[in-house]
Amino acid sequence: MDHSHMDMDSTNATCTHAMTWNWNTIGTCFLAESWRVENEGTFAASCIGVFLLVICLELLRRLGREYDSFILRQFQQHLVAQAAAPKLEDSCCSDAPVAGPQIVTFRATPVQQLVRSIIHALAFGVAYILMLIAMAFNGYIIISIIVGAGVGKFLTDWMTAKVAIGGESQPGKGVEGLEEPSVCCG
């Protein structure tokens with residue numbers, strides 16, 4: 001069947017680009033003219049897709065924090081194993097233990113830093129795509145972004161904190177494990 005002579009109204013239609021707050025649904029384009037909303041079902045799918053994309057962004061942010069914690073735990077376990085290892089009798093070092101706490105600096109390996117960078121770049125890219133989608137100023141899409149951010153935070157970032165009970169409290173030291181909320185975009 002030859003489709004070359006069929007009337008293609010939908011491919012020749014133009015996009016509605018409102019640069020002010022709007023509630024447009026049909027005829028709206030997001031990011032590119034190829035993402036043109038032609039019916040209510042497509043618009044609903046766009047809102048659901050944006051909602052899920054924001055949840056993916058929150059998941060990527062959580063993944064980055066979890067990976068950082070993972071490589072830090074690995075390093076701490078390595079230090080504990082080294083400290084527990086028996087010293088050789090012929091050691092040139094003193095047998096006397098060092099008094100007081102010691103500070104050891106951790107620096108990620110190149111592979112660990114590469115993985116951290118990839119996770120960050122993915123989260124950064126998704127955040128920029130969401131920002132560009134939000135620049136359509138469509139109320140339904142912005143509501144989808146906000147609700148997706150709330151659901152994503154609820155699902156992926158359940159707060160846990162370690163609270164010391166008893167002992168001396170140090171002034172200026174708050175609860176461990178809490179982070180400052182981001183001002184914008186991550």
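## Salt bridges

A salt bridge is counted here when a side-chain nitrogen of Lys or Arg lies within 4 Å of a carboxyl oxygen of Asp or Glu. In this predicted model, a search of the whole structure finds five such salt bridges. One of them joins E58 and R61, whose closest N and O atoms are 3.2 Å apart, and because the two residues are three positions apart in helix 2, about one helical turn separates them. The partners do not have equal cover: E58 is buried, at a relative accessible area of 11%, whereas R61 is partly exposed, at 22% relative accessibility.

A further salt bridge brings together the side chains of D157 and R65, with an N to O distance of 3.3 Å. This pair links distant parts of the chain, since R65 belongs to helix 2 while D157 lies in the segment after helix 4 (139–156), 92 residues apart. D157 counts as partly exposed at 22% relative accessibility, and R65 likewise counts as partly exposed, at 24%.

D157 also meets K153 in a salt bridge, where the N to O distance is 2.5 Å. K153 is partly exposed, with a relative accessible area of 43%. Through salt bridges that share partners, R65, K153 and D157 are joined into one network.

## Helix 2 and its start

Helix 2 covers residues 40–84, which makes 45 residues, and the distance from its first C-alpha to its last is 65 Å, close to the 66 Å expected at 1.5 Å a residue. At the start of helix 2, the side chain of N39 contributes an oxygen that reaches to within 3.1 Å of the backbone nitrogen of G41.

## A buried glycine in helix 4

G148 is placed in helix 4, and it is classed as buried because its relative accessible area is 0%, under the 20% cut-off. Although G148 and C47 are 101 residues apart along the chain, their C-alpha atoms are separated by 9.9 Å.

## The hairpin

Strand 1 (residues 29–30) and strand 2 (residues 32–36) pair in the antiparallel sense, over two bridges. Within this pairing, C29 has R36 of strand 2 as its bridge partner. The two strands form a hairpin with one residue between them, and L31, in the turn, has a positive phi of about 65°.

## A nonpolar surface patch

L31 appears again in a nonpolar patch on the surface, which is formed by L31, F124, Y128, I129, M131, L132 and M135 and has about 650 Å² of accessible area in total. The patch therefore includes the residue in the turn of the hairpin together with I129, a residue that lies in helix 3 (residues 110–134). I129 is partly exposed, with a relative accessible area of 38%, and this value meets the patch requirement of over 30% relative accessible area.

Technical notes. Residues are numbered from 1 along each chain as its sequence is written. This is a predicted model: local features need pLDDT of at least 70, side-chain atom pairs count only at pLDDT 80 or more; totals for chains, interfaces and linings use all residues. Side-chain values use heavy atoms; hydrogens and water are left out. Patches are made of residues with over 30% relative accessible area and no salt bridge: like charges are joined within 9 Å, nonpolar side chains (Val, Leu, Ile, Met, Phe, Trp, Tyr) within 5 Å. Accessible areas come from the Shrake-Rupley method with a 1.4 Å probe; for residues, only the protein chains shown count as cover. Helices (H or I, at least four residues) and strands (E, at least two) are DSSP runs, numbered from the N terminus. Buried means under 20% relative accessible area, exposed over 50%, partly exposed in between (1.4 Å probe, protein chains only). Two strands pair if DSSP finds at least two bridges between them. The expected span of a helix is 1.5 Å times one less than its number of residues. A polar contact is a pair of N or O atoms within 3.5 Å; within protein, one must be able to donate a hydrogen and the other to accept it, and residues adjacent in sequence count only if both atoms are side-chain atoms.
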